[in-house]
Amino acid sequence: MKPAPFAYHRARDVDGAVRLLAGLGDDAKAVAGGQSLVAMMNYRLARPRHLVDIARIRELDRMQRDASGGLRIGALTTHHTVERDEQALLGREFAVLRRAMEWVGHLPIRTRGTVGGSLAHADATAEWCLLALVLRAELLVRGPRGTRSVPAADFFHGYYTSDLAPDELLVEIHFPRPAPHAALTEFAERRGDFGLVVAAVDLDVVDGTVHGGRVGLGGVAAAVVRVPEAEDVLAAGGSFADCAAAAAAAVDPPDDPAYRRHLVRTLVRRACEEAVTA
Ligand code: FAD
């Protein structure tokens, strides 16, 4: 299949991209790595009349640690840049991000696909969406009305739907606190496929003891979700097995519910075990 006809526009900086998106209206879409949008256009699931190419906005291709130990990743950073971590920025505190990248598609997809594109696409099984939620990230959004910061908990609205307005650009994801005891794991039918279920945890560990943590799942609802029932078990000092059982009991997946609950139980426990030994 080939896409429906569209006009191509290249933005050179963030302000220019926002101006183009605002001026072209709801029929315009930003394109970054094109790894999701172009496929959707080829299947005619998306028919934007204008594409605003943001791929060459260099200011959005960056990773840096901030003074308080957090991490900022520009929207155009590719999955593979994070995976390679050439400047050794991630350290033990954000090793979970590097390790999680091996689950994202195949190498050619990771070399073109971007962190911002993944978050904006808001797939309910996307690793970046789940990591943003569980690590309590803030998403920086720029539009004609200025810049705003959106907590990941408020960003993902449902199936492929986010808090972004059509004339807004996601510019950065900010992980405000280190996550040395975080892990993400998943089950996919074939290596490189999207996961059927994805589980991530970020545990609070002091002197080798788990005092609580965040538990999140992808593939069990219209968007990535946190599971307070499983987090309560961790906060009460319960076992990883009980935490995983609570997660499985709490979710109500729309497809293959019994199978996905089984995966939830296995994957949450596995993620917890990986997180304490990380
Ligand atoms: P694009 O395709 O360019 O854009 C996607 C959407 O985001 C569009 O709606 C676009 O308008 C919008 N957008 C892009 N950037 C911005 C921005 N900065 N601000 C506002 N809107 C923006 N992903 C996973 O997470 N896990 C997987 O296992 C996985 N497997 C894959 C397997 C295959 C075979 C393929 C083809 C893709 C797979 N992907 C997977 C998707 C991949 O991660 C994409 O790179 C990602 O979803 C989108 O990033 P992109 O830069 O290519 O975005």
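Helix H7 spans residues 127-134 and is mostly covered. Eight of its eight residues are buried in this predicted model. The buried set runs through Glu-127, Trp-128, Cys-129 and Leu-130. Leu-131, Ala-132, Leu-133 and Val-134 are buried as well. Just after H7 comes Arg-136, with a positive phi of about 55°.

Two residues of H7 lead to other parts of the structure. Glu-127 is one of the residues that come nearest the ligand. Trp-128 is in contact with His-79. Take the ligand first.

Around the ligand there are 31 residues. Which of them come nearest? They are Ala-30, Gln-35, Leu-37, Thr-114 and Glu-127. Backbone atoms also meet the ligand. A backbone N or O atom of Ala-30 lies 2.5 Å from a ligand oxygen atom. For Gly-33, a backbone N or O atom is 2.8 Å from an oxygen atom of the ligand. Gly-34 likewise places a backbone N or O atom 2.8 Å from a ligand oxygen. On its own, the ligand has 970 Å² of accessible area, and the protein covers 89% of that.

The ligand's space is the largest pocket. Three elements give two or more residues to the shell around the ligand: strand S2 (28-31), helix H6 (115-121) and strand S10 (169-175). Which element gives the most? It is H6, with four residues.

Now turn to His-79, the contact partner of Trp-128. His-79 sits in helix H3. Is His-79 buried or exposed? It counts as buried, because its relative accessibility is 5%, and the cut-off for buried is under 20%. Leaving aside neighbours within four places in sequence, His-79 is in contact with Met-101, Val-104, Ile-109 and Arg-110, among others. Its contacts also include Gly-113, Thr-114, Val-115 and Ser-118. Thr-114 has come up before, as one of the residues nearest the ligand.

Thr-77 lies in the loop between strand S5 (71-74) and helix H3 (79-84). Thr-77 is buried, because its relative accessible area is 0%. Its side chain reaches the backbone oxygen of Arg-62 at 3.1 Å. Residues up to four places away in sequence aside, Thr-77 touches Leu-60, Asp-61, Arg-62 and Met-63, among others. Val-82, Gly-113, Thr-114 and Val-115 are also touched by Thr-77. Gly-113, Thr-114 and Val-115 appear in the contacts of His-79 too.

Helix H1 (residues 14-24) has a buried side to follow next. Its buried residues are Val-14, Gly-16, Ala-17, Val-18 and Leu-21. They pack against S2, S3, strand S6 (138-143) and S10. S2 and S10 are among the elements that give residues to the ligand shell. Just after H1, Gly-25 takes a positive phi of about 80°.

Other positive phi values fall in loops. Ala-88 is in the loop between H3 and helix H4 (95-100). It is not a glycine, yet its phi is positive, at about 50°. Ala-88 counts as exposed because its relative accessibility is 60%, and exposed means over 50%. Asp-256 lies in the loop between helix H10 (240-250) and helix H11 (257-277). Phi of Asp-256 is also positive, near 40°, in a residue other than glycine. With a relative accessible area of 46%, Asp-256 is partly exposed.

Two further loop residues complete the tour. Tyr-43 is found between helix H2 (37-42) and strand S3 (50-53). Is Tyr-43 buried or exposed? Tyr-43 counts as exposed, because its relative accessibility is 62%. Tyr-43 and Ala-4 are 39 residues apart along the chain, and their C-alpha atoms are separated by 9.3 Å. Asp-207 is in the loop between strand S12 (197-206) and strand S13 (209-218). Asp-207 counts as exposed, at 78% relative accessibility. From Asp-207 to Pro-228 is 21 residues in sequence and 24 Å in space, C-alpha to C-alpha.

Terms used: Residues numbered from 1 in each chain as written. Predicted model: local features only at pLDDT ≥ 70, side-chain atom pairs only at ≥ 80, totals over all residues. Heavy atoms only, no water. Buried < 20%, exposed > 50% of the residue type's maximum accessible area, 1.4 Å probe, protein only. Polar contact = N/O pair within 3.5 Å; in protein donor to acceptor, adjacent residues only side chain to side chain. Contact = heavy atoms within 4.5 Å. Near = heavy atom within 4 Å. Areas by Shrake-Rupley, 256 points an atom, 1.4 Å probe, with all protein chains shown as cover. 1 Å grid on protein atoms, 1.4 Å probe; cavity = no way out; pocket = protein on both sides within 12 Å on 5 of 7 lines; lining within 4 Å. Sits in = over half its atoms within 2 Å of the grid points.
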